[in-house]
Amino acid sequence: MGERVLLMCANYFYTGKLTGVNEEFVELEDPAIVYETGAWSNKTYQDEQKLHCKTFYVRTPAIEAFGVSK
């Protein structure tokens, strides 16, 4: 909680500061969609597009993998 995470979901990858979790949703602040990661060893993602809002919610059933992010 409070760290920047990457959520690898069924259709998209999302990144942001993890600020909430419950059985249905994960809450991200300063959210973005990662359209292309580039090399995993890079310090930033190749194509990360900030979303239009301060807070974004991702449904937990769509999450396939997750972890602390760049």
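Modeller: Before anything else, a cut-off: a residue counts as buried when its relative accessible area is under 20%. The model here is a predicted one.

Colleague: Fine. Is T37 buried or exposed, then?

Modeller: T37 is buried, because its relative accessibility is 14%.

Colleague: Where does T37 lie?

Modeller: In the loop between strand 3, residues 25–36, and strand 4, residues 47–50.

Colleague: And what is T37 in contact with, leaving aside neighbours within four places in sequence?

Modeller: F13, T44, Y45, Q46 and K70.

Colleague: Change of topic. How many salt bridges does a search of the whole structure find?

Modeller: The search finds four. One of them pairs D30 with R4, with 3.7 Å between the closest N and O atoms. That pair links distant parts of the chain, since D30 sits in strand 3 and R4 in strand 1 (residues 4–9), 26 residues apart.

Colleague: How accessible are D30 and R4?

Modeller: D30 counts as partly exposed at 42% relative accessibility. R4 is also in the partly exposed class, at 23%.

Colleague: Which salt bridge do K50 and D30 make, and at what N to O distance?

Modeller: Their side chains meet in a salt bridge at 3.3 Å, N to O. This one also links distant parts of the chain: K50 belongs to strand 4 and D30 to strand 3, with their positions 20 residues apart.

Colleague: What about E48 and K50?

Modeller: The side chains of E48 and K50 form a salt bridge too, with an N to O distance of 3.7 Å. E48 is partly exposed, at 27% relative accessibility. Through shared partners, the salt bridges join R4, D30, E48 and K50 into one network.

Colleague: Cysteines next. How many disulfides does the search find?

Modeller: Zero. C9 is in no disulfide, and the nearest cysteine sulfur, that of C53, is 15 Å away.

Colleague: Why is there no bond from the sulfur of C53 to C9?

Modeller: Because 15 Å is too far for a bond, and the sulfur in C9 is the closest cysteine sulfur to that of C53. The cut-off for a disulfide is 2.5 Å between sulfur atoms.

Colleague: Are those two cysteines buried or exposed?

Modeller: C9 is buried, with a relative accessible area of 6%. C53 counts as partly exposed at 24%.

Colleague: Which residues make up the largest nonpolar core?

Modeller: That core has ten residues: V5, L7, C9, Y14, L18, V26, L28, I33, V58 and I63. At least two residues of the core come from each of strand 1, strand 2 (13–21) and strand 3. As background, nonpolar side chains in soluble globular proteins tend to be buried together.

Colleague: Take L18 from that list. What does L18 touch, not counting residues up to four places away in sequence?

Modeller: M1, G2, E3, V5, V26, E27 and L28. Of these, V5, V26 and L28 are listed in the core as well.

Colleague: Last topic, aromatics. How many aromatic pairs are there?

Modeller: The search of the whole structure finds three. One of them is Y12 with Y14: the ring centres are 6.4 Å apart and the planes are at 65°, so the pair is edge-to-face.

Colleague: Are Y12 and Y14 buried or exposed?

Modeller: Y12 is partly exposed, with a relative accessible area of 41%. Y14 counts as buried, at 13% relative accessibility.

Colleague: Which residues form the aromatic cluster?

Modeller: Y12, Y14, Y35 and F56 form one cluster. Y14 is also listed in the largest nonpolar core.

Note on methods: Residues numbered from 1 in each chain as written. Predicted model: local features only at pLDDT ≥ 70, side-chain atom pairs only at ≥ 80, totals over all residues. Heavy atoms only, no water. Helix = DSSP H or I, 4+ residues; strand = E, 2+ residues; numbered from the N terminus. Buried < 20%, exposed > 50% of the residue type's maximum accessible area, 1.4 Å probe, protein only. Contact = heavy atoms within 4.5 Å. Core = buried A, V, L, I, M, F, W, Y, C linked by side-chain atoms within 4.5 Å. Phe/Tyr/Trp six-rings, centres within 6.5 Å; stacked < 30°, edge-to-face > 60°.
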